[in-house]
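Here are some short exercises to work through with the model in front of you. Try each task yourself before reading its solution.

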Amino acid sequence: MKRMLFAVATVSALAATPALAQYEPPNRFDAAAHAQAYGTGAGPYAPRCFNGARIKGVSRSGQRSLLVQNGGGAIYEVKLREDCHAVERATRLSAASSLGAAVCEDDTAILFARTDTGLKRCKITDVRRLSSSEIAAFAGAAKR
């Protein structure tokens with residue numbers, strides 16, 4: 001009889017277990033809700049990193065500095081350790097850091113310039129996202 005009660009109790013416990021489990025909704029990222037709660041990143045707390053695998057455009061802003069536009073349209077000033085002449089001849093540019101494709105402030109990174117003669121590496125020493133007023137100043141200087 002005890003065995004029968006034990007079997008019935010075990011079967012009832014196993015049958016009730018799925019009913020006791022709580023439903024957990026799927027984990028999905030809601031970009032609109034995130035932007036509403038935390039902003040779009042265009043303010044003073046803008047991201048200090050860009051995806052080095054998705055460089056959209058580059059132009060020189062000095063002997064050892066470049067303006068890099070990422071895939072999202074943000075513009076970053078990238079300072080190089082040495083002058084990198086391969087940038088002018090490059091057919092494709094990318095960058096990588098110790099974090100992978102994310103190139104951030106205060107991290108060592110390398111700019112890869114693919115040229116007709118091969119791949120050239122240029123060391124990045126600093127990354128800084130430009131403010132909208134700095135971008136407007138560069139655009140105004142370019143029009144002159």
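**Exercise 1.** Decide whether Cys 84 counts as buried or exposed in this predicted model.

*Solution.* Start with the cut-off: buried means under 20% relative accessible area. Cys 84 has a relative accessibility of 4%, so Cys 84 counts as buried.

**Exercise 2.** Find the disulfide of Cys 84 and work out which parts of the chain are tied together.

*Solution.* First, look for the partner: Cys 84 forms a disulfide with Cys 122, and their sulfur atoms are 1.7 Å apart. Next, place both ends: Cys 84 lies in the loop between β4 and α3, while Cys 122 is in strand β8, so the pair ties together parts 38 residues apart in sequence. Finally, check the partner's surroundings: Cys 122 has a relative accessible area of 7% and is buried.

**Exercise 3.** Describe the disulfide between Cys 49 and Cys 104.

*Solution.* Begin with the distance: the sulfur atoms of Cys 49 and Cys 104 are 1.9 Å apart. Then locate the ends: Cys 49 sits in strand β1 and Cys 104 in strand β6, 55 residues apart. Now take the handedness: the torsion about the S-S bond of Cys 49 and Cys 104 is about 110°, so this disulfide is right-handed. Last comes exposure: Cys 49 is partly exposed at 30%, whereas Cys 104 is buried at 9%.

**Exercise 4.** What is the pairing of the bonded cysteines, numbered in sequence order?

*Solution.* The whole structure holds two disulfides. With the bonded cysteines numbered along the protein chain, the pairing reads 1-3, 2-4.

Methods
Residues numbered from 1 in each chain as written. Predicted model: local features only at pLDDT ≥ 70, side-chain atom pairs only at ≥ 80, totals over all residues. Heavy atoms only, no water. Disulfide = S-S within 2.5 Å. Helix = DSSP H or I, 4+ residues; strand = E, 2+ residues; numbered from the N terminus. Buried < 20%, exposed > 50% of the residue type's maximum accessible area, 1.4 Å probe, protein only.
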